[in-house]
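Colleague: I'd like to learn how to read a few features straight off a model. Could you walk me through them one at a time?

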Amino acid sequence: MTMNRIQDVYFSFARYAFLTALLFSINNQVLAQQKTDSVSEKILSEIVIRAFEQNKKLRDVPAAINYVGKEALERYGAISVLQAVNSTPGVRMEERSPGSFRFNIRGSSLRSPFGVRNVKVYFNEIPITDPGGNTYLNQLGFYNVSSIEIIKGPGSSLYGAGTGGVLLIESLNGREAPGLSGEYHRGSYGYNNFYGAATMGNSKWVSQVGFQYQKSNGFRDHSRMERKVQSWTGLFHINDKRILKTTFLFGDLFYETPGALTLTEYKMNPRSARPPTGQFPGAITSKASIHQTSFIVGSSFWQQLTSHLQSTSMLYGMFTELRNPTIRNYGKNSEPHFGARSTFKWNQQWKSTFLQLTAGGEWQKGLASISIHKNSAGKPDSLQSSDQINNQQSFVFFQASLDVHSWMFTAGGSLHSLRIKFQRFTPATLGLQSRNFSHEFSPRFSVMKKFKSFNVYTSVSRGFSPPTTAELLPTGGTINTDLNEEKGTNWDLGFKGGFQRFSFDVTVFQFSLHQTIVQRRDAGGGDFFVNAGKTSQHGIETYMSYPLLRSVPAIQSCMLWISHTWHDFHYTSFKQLNNDYSGKQLPGVSSHTVAAGIDIEIKGLMANVNGYYGGPVPLNDANLVFASSYYLLGCKFGFQKKINENWNFKLMAGADNLFNQRYSLGNDINGFGGRYFNAAAGRNFFVTFFVGRTPKKTS
């Protein structure tokens with residue numbers, strides 16, 4: 001049975017299941033308040049997060065963490081989570097073309113020509129980062145994300161190998177009301193986005209089925225995108241001591257890749273696709289694109305074993321099929337992987353002292369088949385190479401956390417093992433090759449002192465990041481078994497809290513990285529990677545907010561917020577052949593970014609105005625070319641009204657890039673022949689209609 005046939009059968013079944021769920025949901029009772037526990041948390045007066053298994057308020061966790069919740073996500077249009085993520089400090093999400101995402105935590109996109117690498121991603125507790133180190137984050141639609149916790153810096157002590165950071169994504173927020181809901185979003189450049197969901201449940205369980213369809217013609221030539229995602233998430237309270245959480249997601253994503261432009265082409269017509277050059281055809285002739293199909297299935301089971309001991313066990317499987325015609329070849333990937341994770345937590349309270357011990361392990365196995373063909377106008381032609389990849393990674397971890405009066409001490413670490421076996425069969429077999437990265441220990445220590453109005457913490461963590469399979473077997477070169485892992489040490493000093501109504505979160509950090517992996521591009525747009533000596537990365541990341549006009553009775557809420565990032569990233573020592581880049585600024589990272597805005601709600605009327613400044617960005621190791629700075633201004637206005645006690649209606653309209661700035665949102669770093677620029681959309685407008693059950697209130 002072909003993959004297209006499987007998709008047709010699946011979506012037919014999905015539509016039937018979705019309609020059935022809608023009918024059942026009409027008669028369900030109102031979803032009761034869920035209990036607060038280690039796997040079912042809610043937002044009270046302050047945000048409670050799961051990072052490092054702390055399950056504490058954000059201000060009480062001694063780590064640099066950004067939180068992106070529903071309020072931030074709904075501040076912008078329902079195109080993607082990109083703008084909401086970029087409104088937080090120290091993080092940059094990029095989009096080279098609609099659907100092609102990169103995720104940068106403190107400069108970690110150096111290794112990511114596309115996709116997400118060197119950042120570990122969990123979706124509903126499932127590690128969707130495969131054991132080879134790649135994450136297809138673009139498989140998730142906007143409506144699959146209810147919240148994101150972004151851990152900045154190495155999270156190796158609990159979350160496996162990586163120096164870039166960790167994303168913890170949840171699709172349910174615990175406030176869903178039973179019934180039907182639907183949303184339609186229409187925007188410039190042929191953008192359409194539809195989402196429908198059915199939620200069922202009672203005091204013991206909640207089940208949500210959703211379907212989303214997204215389509216865009218794109219701002220540039222040859223940048224059309226289409227995404228279909230079917231999802232189901234369930235949360236079942238079997239009894240007071242056992243909870244089962246289930247996740248299923250099937251996505252079909254297609255987008256065209258227009259390719260990077262030179263500065264001359266970018267200035268002449270930023271909307272154009274890459275033209276033919278020399279022996280290489282243009283993006284349109286090649287029908288350069290990505291067709292990506294994935295499904296995720298997994299479940300986690302929490303249980304209270306004794307009054308002091310609890311455990312969480314998770315099993316999952318994921319499969320991705322990728323078809324990628326480019327200007328130089330045609331890639332066909334089949335990438336299944338599966339795994340398990342288990343965590344045990346023991347705690348004990350003695351008056352004003354609280355001790356928590358956490359231990360566990362994670363195991364992943366991947367089996368990938370990658371073939372490269374000649375590209376014949378978007379169709380695979382003669383076979384150029386065929387690779388089989390067998391990778392396996394595992395780690396065990398331990399963490400102790402001690403709260404004594406106003407002090408909190410945390411110490412943890414993990415021991416890692418990664419084995420990669422691969423064999424090239426075409427044009428001639430090279431025999432079985434392998435790389436092992438074993439017995440790497442990654443510790444983390446932190447101390448926090450709590451004061452009346454704020455907390456101060458410091459933490460030190462060590463991380464290592466082995467090369468991904470895509471870096472060992474790059475599109476632009478031969479198998480590179482000499483590529484070594486990165487190793488880095490991160491130090492944070494943070495201040496979290498507030499005075500009266502003013503809130504702040506400030507982090508000062510220093511990160512030193514050895515054997516940094518950086519990307520190169522050849523004439524045909526292919527990628528290859530090298531180790532780049534040492535880098536020094538330090539900076540200050542700040543987020544502040546302040547409520548305004550609280551004395552005005554008509555105003556329900558009015559919040560002013562600002563986020564600022566200052567990064568000073570340089571190569572400490574990096575020599576390549578006759579080139580010495582020591583002291584140069586790391587490419588792809590701006591020294592300064594600022595996001596700010598004001599959100600206001602007045603008796604059903606809602607509005608926000610938001611702005612963003614991105615400073616100049618070096619585009620190559622020699623710092624000879626920079627992307628220009630830019631300013632973005634956006635706004636969103638609307639109203640919501642209760643149709644009756646249970647049903648709610650919203651109408652929103654807004655605009656982005658009101659100054660019609662020309663800027664490149666996803667630069668190709670070290671692009672061959674000066675091909676660096678991927679123009680972002682100009683001035684654009686959108687409107688959103690929503691109707692659904694009123695979310696329940698937390699208490």
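Modeller: Let's start with Arg102, which sits in strand β5, residues 100-105. Keep in mind that this is a predicted model.

Colleague: Is Arg102 buried or exposed?

Modeller: The cut-off for buried is under 20% relative accessible area. Arg102 has 3% relative accessibility, so it counts as buried.

Colleague: Which side chain does the Arg102 side chain join in a polar contact?

Modeller: That of Glu94, at 2.6 Å. The Arg102 side chain also reaches a backbone atom, the oxygen of Asn667, at 2.5 Å.

Colleague: Next, backbone angles. What should I expect of phi?

Modeller: Most residues other than glycine have a negative phi. Here, Glu125 goes the other way, with a positive phi of about 75°. Asn657 is another non-glycine residue with a positive value, near 50°.

Colleague: Where do Glu125 and Asn657 lie?

Modeller: Both are loop residues. Glu125 is in the loop between β7 (120-123) and β8 (126-127), while Asn657 is in the one between β38 (647-656) and β39 (684-693).

Colleague: And why does each count as buried?

Modeller: Use the cut-off again, under 20%. Glu125 counts as buried because its relative accessibility is 14%, and Asn657 because its value is 5%.

Colleague: On to sheets. In which sense do β26 and β29 pair, parallel or antiparallel?

Modeller: Antiparallel: β26 (residues 502-514) and β29 (residues 534-547) pair over 12 bridges. To find your place, look for Val508, which stands opposite Ile540 in β29.

Colleague: Which other strand does β29 pair with?

Modeller: With β30, residues 557-573, again in the antiparallel sense, over 14 bridges. Here the pair to look for is Thr535 opposite Tyr571 in β30.

Colleague: Last topic, internal space. How many cavities of 30 Å³ or more does the structure hold?

Modeller: There are 10, and the largest takes in about 830 Å³ of space. It is lined by 46 residues, and those closest to its centre are Ile79, Glu95, Tyr663, Leu665 and Ala681.

Colleague: Which elements give two or more residues to that lining?

Modeller: One helix-labelled element, α3 (82-86), and a set of strands: β4 (91-97), β14 (205-216), β15 (225-239), β34 (605-614), β37 (630-642) and β39.

Colleague: What is the chemical make-up of the lining of the largest cavity?

Modeller: Mixed: 21 of its residues are nonpolar, 19 polar and 6 charged.

Conventions: Residues are numbered from 1 along each chain as its sequence is written. This is a predicted model: local features need pLDDT of at least 70, side-chain atom pairs count only at pLDDT 80 or more; totals for chains, interfaces and linings use all residues. Side-chain values use heavy atoms; hydrogens and water are left out. Helices (H or I, at least four residues) and strands (E, at least two) are DSSP runs, numbered from the N terminus. Buried means under 20% relative accessible area, exposed over 50%, partly exposed in between (1.4 Å probe, protein chains only). A polar contact is a pair of N or O atoms within 3.5 Å; within protein, one must be able to donate a hydrogen and the other to accept it, and residues adjacent in sequence count only if both atoms are side-chain atoms. Two strands pair if DSSP finds at least two bridges between them. On a 1 Å grid over the protein atoms alone, a cavity is a set of points where a 1.4 Å probe fits but cannot get out, and a pocket is an open set with protein on both sides within 12 Å along at least five of seven lines; lining residues have an atom within 4 Å of a point. Grid points are joined across faces, edges and corners, and a volume is the space filled by probe spheres set on the points. Ala, Val, Leu, Ile, Met, Phe, Trp, Tyr, Cys and Pro count as nonpolar, Asp, Glu, Lys and Arg as charged, and the others, Gly among them, as polar.
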